[in-house]
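Hello,

Here is the structure for you to look over. My notes follow below it.

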Amino acid sequence: MEEQSGAGYVDYIFYPYCREDDGIIVELKVDEPVEAAIQQIKDRKYAMNFDGRPGEQPKCIGRILAVGIAYDRKDLNKKHVCRVEVLRDKL
C-alpha cells in the first residue's frame, strides 16, 4: 500500500522496530531508469516520514536508505535493476 509522504505517495516504506536500526524507502519504476526512482525519493522528501511530528522523537535515528528498483516491461528475461543510496547517516 502506498503511503502519503512529503509531496506524494511512496511505494513502500519500512520503519525499523528499533529506532536505532535503518529505515528503508523503496520506489518502483517501470520503463524508466532506476535513477528516476532514487530522484523521486529525494525530490518528494519521502524521508521526512522518519522525522516524526513536531515535538515527537524521530521514528528512526539509524540510516535512511533509498532503494530504487526498475525494469523494462519489454525485457523478456524480466531483468530488474536495483540501486541503494544512503540518504542520511545515523543521527
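First, a definition: buried means under 20% relative accessible area, exposed means over 50%, and partly exposed lies in between (1.4 Å probe, protein chains only). By that scale Phe14 is partly exposed, at a relative accessible area of 44%. Tyr12 is partly exposed too, at 40%.

The basis is as follows. This is a predicted model, with residues numbered from 1 along each chain as its sequence is written. Local features need pLDDT of at least 70, side-chain atom pairs count only at pLDDT 80 or more, totals for chains, interfaces and linings use all residues, and side-chain values use heavy atoms, with hydrogens and water left out.

Aromatic pairs

The structure holds two aromatic pairs. One of them joins Tyr12 and Phe14 and is stacked, with 6.4 Å centre to centre and 15 degrees between the planes. For reference, rings of Phe, Tyr and Trp (its six-membered ring) pair if their centres lie within 6.5 Å; planes under 30 degrees apart count as stacked, over 60 as edge-to-face and the rest as tilted.

Strand β5 and its partners

Helices (H or I, at least four residues) and strands (E, at least two) are DSSP runs, numbered from the N terminus. Strand β5 covers residues 64-71. Six of its eight residues are buried, so β5 is largely enclosed by the rest of the structure.

Which strands pair with β5? Strand β4 (residues 23-30) does so in the parallel sense, over eight bridges. Strand β6 (residues 80-88) does so in the antiparallel sense, also over eight bridges. Two strands pair if DSSP finds at least two bridges between them. On the β4 side, Lys29 stands opposite Ala70 in β5. On the β6 side, Val67 stands opposite Val84.

β4, helix α1 (residues 34-43) and β5 make a right-handed β-α-β unit. Right-handed here means that, with the strands pointing away from the viewer, the path from the first strand over the helix to the second runs clockwise.

Two lysines with positive phi

Most residues other than glycine have a negative phi. Lys45 has a positive phi, near 55 degrees. Lys45 sits in the loop between α1 and β5 and is partly exposed, with a relative accessible area of 49%. Lys78 also has a positive phi, of about 55 degrees, although it is not a glycine. Its place is in the loop between β5 and β6. Lys78 is partly exposed, with a relative accessible area of 48%.

Best wishes
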